[in-house]
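Welcome! Below are some short exercises for getting to know a new structure, each followed by a worked solution. Have a look around first, then try each task before reading on.

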Amino acid sequence: MTQISHAEEQDINTRGKTEGKERFTIDGRTPQDVIVAETVEHVAESLRLANAQRRAVAPIGLGAFLHLGAAPRRYDVALSLRRLNRVVDYQPTDMTVTVEAGLSLARLQQVLGEHGQWLSIDPPLPERATMGGVIAANLSGPTRFSQGTVRDFLIGLRAVRADGTMIKGGGRVVKNVAGYDIPKLFCGSFGTLGVIVEATFKVRPRPEKNSLLVCSFSSAEQAMDLALRVAGSELQPFFLELTNFAPSDDLQNGDTSYFLFVGFAGLSEEIQYQQQRLHDLLGAAGTVIAECENEQAQGLFQPLRDFSAAGEALLQCRLSLLPTSIAPFGKEIEAEAAARGFAARLLAHAGNGVIYGRFLNSHGAPPEKILSFVDWLRIQAKKQGGYLVIENIDSALKERVDVWGHIGGAFSLMKRLKETLDPNDILNPGRFVGGI
């Protein structure tokens, strides 16, 4: 083991330490120390010291998604990467970009937009979502239906292991496929395998035009019927989002209970044709209550994108199941929640089979009642062949639930990888599946 002098230790721990500890609290736990890394080398030095001292480290970007994952088993040091926020290399003609992990997605999109390009992912809160965090939490949004997730665009990655050594995979060109797929391995790893410091992405041309049609329905079944017909047609929607609430006051429409948001992107002629075909498919089943483009469409899209990260709720969760199960299961959830005194707001990626739920305590029910509701949700999801992940719940209740639930057949491999890359278990211990 490399010996570290007292002077080196003081320098590592105090360099860049200008942040208050409270803002790095995770599930009621506040770190003993905060280190704001200035360089990749500073990250490596900090981890080397923490590993030697067996101190648990949580890598943190801008802190927007600290509620995700299980409560940490140990938490001694918050390692902030917010100052590692440079665009390292951008080749517009090659359509690749390399960035440091602390760069926000919004800033990256701004840089790419100057050349008519974008990274076609849309996780919540892009101004506060860092690229390292997007990868580590595998964040995505409505356009995953047509564009895919961050794994589909990540072609290179550099990370620092728990012992301070560097690990990298992929490259800065799209054709580089040699070696073990380190980039994919780190997607959704929740900072348990190493601290991501740099990533390379392939990017795409930004669509010439965006449009959004909002259709209202009296039932979830009618809304999902249209969504499934659109998804199975020749149309190429950018996204298909179903809600049981109006995300904007402008969309309130009498007795309407369900809204289907259909986005299109591309050339003006393509969009015009697809909009007309949507009207044909809709027929008399529902009503188009809004039809807008570009900035106005973005204004209606934003609350859909940010739904899973917005506001206070007793419980926020994500259910994954078949798209054909969305309408019937959604109705069951609404009825069960109401019977237990909770108000259910649901948003579904209608083409992907993902339901996000936010549950509010509408009748002053004891917060503990949400625990039995979680059990009900998990049992019903399993019956549907799906699974439930708790994304946010009161910290006093969090240790009484398994936020991940479904482990899957790959758990033994995941555990071995963790033991190989972080044998002293200092990186985000306990926050990932199965207590990894």
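**Warm-up: one residue**

Glu 38 is partly exposed, with a relative accessible area of 35%; here buried means under 20% relative accessible area, exposed over 50%, and partly exposed in between, using a 1.4 Å probe and protein chains only. This is a predicted model, in which local features need pLDDT of at least 70 and side-chain atom pairs count only at pLDDT 80 or more, while totals for chains, interfaces and linings use all residues. Residues are numbered from 1 along each chain as its sequence is written, and side-chain values use heavy atoms, with hydrogens and water left out.

**Exercise 1.** Find where Glu 38 lies, and work out how many Å apart Glu 38 and Arg 416 are in space.

*Solution.*
- Step 1: Glu 38 belongs to the loop between strand 1 and helix 2 (40-52). Helices (H or I, at least four residues) and strands (E, at least two) are DSSP runs, numbered from the N terminus.
- Step 2: From C-alpha to C-alpha, Glu 38 and Arg 416 are 32 Å apart in space, and they are 378 residues apart in sequence.

**Exercise 2.** Describe the sheet that contains strand 1, strand 2 and strand 3.

*Solution.*
- Step 1: The 3 strands form an open sheet in the order 1-3-2, with parallel pairing. Two strands pair if DSSP finds at least two bridges between them.
- Step 2: At the edges stand strand 1 (33-36) and strand 2 (57-60), each with a single partner strand, so one side of each has no neighbour in the sheet.
- Step 3: From one strand to the next, the twist averages 20°. Axes are lines fitted to C-alpha atoms, for helices over the stretch in contact, and angles run from 0 to 180 degrees between N-to-C directions.
- Step 4: Strand 1 pairs with strand 3 (residues 77-80) in the parallel sense over 4 bridges. In strand 3, Ser 80 is the residue that Val 36 stands opposite.

**Exercise 3.** Which strands stand at the edges of the sheet with the order 4-5-9-7-8?

*Solution.*
- Step 1: This open sheet has 5 strands, and the pairing is antiparallel.
- Step 2: The edges are taken by strand 4 and strand 8 (166-170); each has a single partner strand, so one side of each is left without a neighbour in the sheet.
- Step 3: The twist here averages 10° from one strand to the next.
- Step 4: Strand 4 (residues 87-91) and strand 5 (residues 96-100) run antiparallel, joined by 4 bridges, and Asp 89 stands opposite Thr 98 in strand 5.
- Step 5: These two strands form a hairpin with 4 residues between them, and Met 95 in the turn has a positive phi of about 60°.
- Step 6: Strand 5 is also joined to strand 9 by 5 bridges in the antiparallel sense, with Val 97 opposite Phe 201 in strand 9.

**Exercise 4.** Is strand 18 largely enclosed or left open?

*Solution.*
- Step 1: In strand 18 (residues 387-393), 5 of the 7 residues are buried, so the strand is largely enclosed by the rest of the structure.
- Step 2: Strand 15 (residues 315-320) runs antiparallel to strand 18, with 6 bridges joining them. Here Gln 316 stands opposite Asn 392.

**Exercise 5.** Explore the aromatic pairs, of which a search of the whole structure finds 10.

*Solution.*
- Step 1: Rings of Phe, Tyr and Trp (its six-membered ring) pair if their centres lie within 6.5 Å; planes under 30 degrees apart count as stacked, over 60 as edge-to-face and the rest as tilted.
- Step 2: Phe 190 and Trp 404 have ring centres 5.1 Å apart and planes at 90°, so this pair is edge-to-face.
- Step 3: Phe 190 lies in the loop between helix 6 (182-186) and strand 9 (195-202), and Trp 404 in the loop between helix 12 (395-398) and helix 13 (411-421), so the pair ties together parts 214 residues apart in sequence.
- Step 4: Phe 190 counts as buried at 12% relative accessibility, and Trp 404 counts as buried at 11%.
- Step 5: For Phe 239 and Phe 301, the ring centres are 5.0 Å apart and the planes are at 40°, so this pair is tilted.
- Step 6: Phe 239 is in strand 12 (residues 239-243) and Phe 301 in helix 9 (residues 294-305), so to speak distant parts of the chain, 62 residues apart.
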